[in-house]
Amino acid sequence: MAENGVDIVEASENAVQGKVTGVIIPPPDIRAVVDKTAQFVAKNGKSFENRILMSAQGSSHKFDFMRPHDVYYPYYEHKIREFEEGTAEENERKRREAEEKKKAAIEAEE
C-alpha cells in the first residue's frame, strides 16, 4: 500500500534503528521545571546544579532531567546554554509563534 508515493512496507524494511539524535522537548509541566532550573544553573553555575543533585529533592524523579541518562537531559543542557548566551527568551517567543501558526493551519484545514 502506498502513502504519499512511498510504499510503507518498503519504507519500514529500510528503516534503521539507532540512537535518537536531536532534542526531545518535554511536556509543558516538566518543561517549566527544566527551564527554571536551567535559568538558575546558568546564573549561579554548575555548583548550584551539584547542590540540587545532592539535596533530598534532587534525588527525586522531578530532577531526573539533570542526569545524563535522561531523555530530557539534552534539552536541559541546551536551555542552560541559551540562558548563558541570553537567547532563551527570543527562542521561546519564536517557538510559541511557530506553534500558533501550526495550530492555525490545522484549524484552517478543518
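The conversation below walks through the fold, the salt bridges and the core of this predicted model.

Biologist: Before we start, which pLDDT do local features need in this model?
Modeller: Residues are numbered from 1 along each chain as its sequence is written, and side-chain values use heavy atoms, with hydrogens and water left out. This is a predicted model in which totals for chains, interfaces and linings use all residues, side-chain atom pairs count only at pLDDT 80 or more, and local features need pLDDT of at least 70.

Biologist: Thanks! In what order do the elements of the protein chain run?
Modeller: The protein chain holds five helices and two strands. Both kinds are DSSP runs numbered from the N terminus, helices being H or I with at least four residues and strands being E with at least two. From the N terminus on, the order is β-β-α-α-α-α-α.

Biologist: What share of the residues of the protein chain counts as buried?
Modeller: Buried means under 20% relative accessible area, exposed means over 50%, and partly exposed is in between, using a 1.4 Å probe and protein chains only. The chain has 110 residues, and the share of them that counts as buried is 24%.

Biologist: Now the charged side chains: how many salt bridges does a search of the whole structure find?
Modeller: Side chains of opposite charge can pair when their charged atoms come close. Here a salt bridge is a side-chain nitrogen of Lys or Arg within 4 Å of a carboxyl oxygen of Asp or Glu. With that rule, the number found in the whole structure is four.

Biologist: Which residues are linked with K46 in a network of salt bridges?
Modeller: The side chain of K46 meets that of E49 at 3.3 Å, N to O, and these two are separated by about one helical turn because they are three residues apart in helix 3 (residues 46–54). K46 also meets E77 in a salt bridge, again given as 3.3 Å, N to O. K46 lies in helix 3 and E77 in helix 4 (residues 73–85), so this pair ties together parts that are 31 residues apart in sequence. The partners of K46 in the network are therefore E49 and E77.

Biologist: Is K46 buried or partly exposed?
Modeller: Its two partners are buried, E49 with a relative accessible area of 8% and E77 with 18%. K46 has 41% relative accessibility, so K46 counts as partly exposed.

Biologist: Which residue forms a salt bridge with K79?
Modeller: K79 lies in helix 4 and counts as buried because its relative accessibility is 4%. The closest N and O atoms of the pair are 2.9 Å apart. K79 and its partner are three residues apart in helix 4, which means about one helical turn lies between them. That partner, also buried, is E82.

Biologist: Let's finish with the core: which residues does I80 touch, not counting residues up to four places away in sequence?
Modeller: A nonpolar core is a set of buried Ala, Val, Leu, Ile, Met, Phe, Trp, Tyr and Cys residues joined through side-chain atoms within 4.5 Å. The largest one has twelve residues, including V34, F48, Y76 and I80, and helix 2 (28–44), helix 3 and helix 4 each supply at least two of them. Counting a contact as heavy atoms within 4.5 Å, the residues that I80 touches are A38, V41, A42, K46 and E49.
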